[in-house]
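Student: I have a new structure in front of me and would like to learn how to read it. Could you take me through some of its features, step by step?

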Amino acid sequence: MALALLEDWCRIMSVDDQKSVMVMGIPVECNEAEIQEVLQETFKSLGRYRLLGKIFRKQENANAVLLELIENTDVSAIPSEVQGRGGIWKVVFKTPNQDSEFLERLNLFLEKEGQTVSGMFRALGHEGVSPATVPYVSPEILAHLLGQAIAHAPQHLLPMKYRKLRVFSGSAVPGPEEEPFEIWLEQATEIVKEWPVAEVEKKRWLAESLRGPALDLLHIVQADNPSVSVEECLEAFRQVFGSLESRRTSQVKYLKTYQEEGEKVSAYVLRLETLLRRAVEKRAIPRNIVDQVRLEQVMAGASFSQTLWYRLRELKEQGPPPSFLELMKVIREEEEEEASFENENIEEPDEGDGYGHWDNEADD
């Protein structure tokens with residue numbers, strides 16, 4: 001899921017995902033200077049890079065940043081984690097031969113288990129591979145054959161797709177390992193749709209994520225109606241633990257939210273996005289016009305430079321409104337441009353001294 005986010009983000013920003021790094025789990029209270037300090041120390045051996053953007057991930061209640069590596073970098077030198085404020089920040093990057101490396105590990109795993117590739121294909125119901133024809137399967141050939149075998153394998157032999165839910169207790173103050181209700185509900189609503197099992201099994205898996213009052217509520221709902229569906233269970237959780245904020249209240253709160261004094265436009269848009277998503281969940285704002293509503297409220301509630309105002313007006317008049325990430329990209333570019341003008345009298349570092357610098361040269 002993190003790798004997919006990296007790829008999507010790079011596609012939106014029109015950069016090579018093989019030369020980009022995403023750092024996740026950054027506490028929201030971390031400002032840009034703190035993030036810069038941590039990343040400069042961690043990535044100083046990788047050469048120069050530039051910050052492409054920062055987003056808030058509601059499911060983690062944390063920020064993520066995307067970096068583009070300016071110089072050619074050995075991926076083995078990229079750390080998988082960063083020690084930062086609040087604990088460990090996860091580093092996500094794409095290796096050139098990720099698929100081949102996985103298949104090589106699969107081959108080694110089968111050898112350690114005393115199994116063979118042909119035995120694995122027989123278990124999947126694919127008889128086209130035998131020890132006589134394929135004594136050793138390379139990663140590339142294995143990828144092709146494995147794809148064919150899984151495509152035609154009996155469904156009951158395929159691995160079950162089961163993403164576990166995080167813990168929710170319904171307590172007033174969530175414990176260290178627990179999720180706040182809104183985040184847990186968003187995750188649960190998405191994941192239960194993926195569970196390829198009967199309702200009875202889904203409810204059992206749902207119960208595994210619950211503790212305390214939340215688990216008690218599930219038992220009460222099931223006792224009242226043994227055939228209750230998972231969707232109905234989640235609706236009961238929404239009624240008991242969800243916000244009592246009305247549809248109209250969430251809409252008004254969104255429309256009455258303006259940029260605060262001293263607040264950057266990008267920070268305002270990020271704060272506004274949380275309220276927008278809540279209004280959409282309450283069906284106070286139609287999901288199909290979210291991008292339009294976001295742009296209109298940002299233009300009404302923020303104070304812009306003349307340049308940024310013209311850019312946003314062009315976006316509004318010339319075509320489909322930008323998505324959240326596209327809008328943030330435009331705003332961040334202008335903020336960085338304005339910051340560079342403010343610091344234009346500060347002596348620039350020499351060409352060889354740009355390690356760990358939030359470089360903007362690729363924007364030219």
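Tutor: Gladly, and let us begin with one residue. Asparagine 61 is partly exposed, with a relative accessible area of 45%. Here, buried means under 20% relative accessible area, exposed means over 50%, and partly exposed lies in between (1.4 Å probe, protein chains only). This is a predicted model, in which local features need pLDDT of at least 70, side-chain atom pairs count only at pLDDT 80 or more, and totals for chains, interfaces and linings use all residues. Residues are numbered from 1 along each chain as its sequence is written, and side-chain values use heavy atoms, with hydrogens and water left out.

Student: Where is asparagine 61 placed?

Tutor: Look in the loop between β2 and β3. Helices (H or I, at least four residues) and strands (E, at least two) are DSSP runs, numbered from the N terminus. In total, the protein has 14 helices and five strands.

Student: What is the phi of asparagine 61 near?

Tutor: Start with the general idea: most residues other than glycine have a negative phi. Asparagine 61 has a phi near 55°, a positive value in a residue other than glycine. Serine 14 also has a positive phi, near 60°. Serine 14 sits in the loop between α1 (2-13) and β1, and its relative accessibility of 66% makes it exposed.

Student: How far should I trust the model?

Tutor: For that we use pLDDT, the predictor's confidence in each residue, from 0 to 100. The protein has a mean pLDDT of 77, with 74% of its residues at 70 or more. Among its elements, helix α12 (residues 290-301) has the highest mean, 93, and helix α5 (residues 139-152) the lowest, 54. In the stretch of residues 130-137 the pLDDT is below 50, and the model gives this stretch seven contacts beyond near neighbours in sequence. A contact means heavy atoms within 4.5 Å. Residues 153-161 also stay under 50, with 14 contacts beyond four places in sequence.

Student: What share of the protein is buried?

Tutor: Of the 364 residues in the protein, 40% are buried. Strand β1 (residues 20-26) gives a good example: six of its seven residues are buried, so the strand is largely enclosed by the rest of the structure.

Student: Which strands does β1 pair with?

Tutor: Two strands pair if DSSP finds at least two bridges between them. β1 pairs with strand β3 (residues 62-69) in the antiparallel sense over six bridges, and with strand β5 (residues 87-93), again antiparallel, over four bridges. Try following valine 21: leucine 67 stands opposite it in β3, and phenylalanine 93 is the bridge partner of valine 21 in β5.

Student: How do I read a helix such as α9?

Tutor: Check its length, then its faces. The expected span of a helix is 1.5 Å times one less than its number of residues. For the twelve residues of α9 (residues 230-241) that gives 16 Å, and the end C-alpha atoms are 16 Å apart, which agrees. Its buried residues include Val230, Cys233, Leu234, Ala236 and Phe237. Viewed down the axis of α9, the buried residues fall within an arc of 155° (taken from the directions from the helix axis to the C-beta atoms), so they line one face of the helix.

Student: What do the buried residues of α9 pack against?

Tutor: They pack against α6 (181-191), α7 (199-208) and α8 (212-224). Turn to α6, where Trp184 and Ile191 are among the buried residues; what covers the buried residues of α6 includes α7 and α9.

Student: Which side chain does arginine 50 make a polar contact with?

Tutor: A polar contact is a pair of N or O atoms within 3.5 Å; within protein, one must be able to donate a hydrogen and the other to accept it, and residues adjacent in sequence count only if both atoms are side-chain atoms. Arginine 50, in strand β2 (residues 49-57), makes one with the side chain of glutamate 68 at 2.9 Å. Arginine 50 is buried, at 9% relative accessible area. Glutamate 34, in helix α2 (residues 32-42), is partly exposed at 25%, and its side chain makes a polar contact with that of arginine 85 (2.9 Å). Glutamate 34 and arginine 85 are 51 residues apart along the chain, with their C-alpha atoms separated by 8.3 Å.
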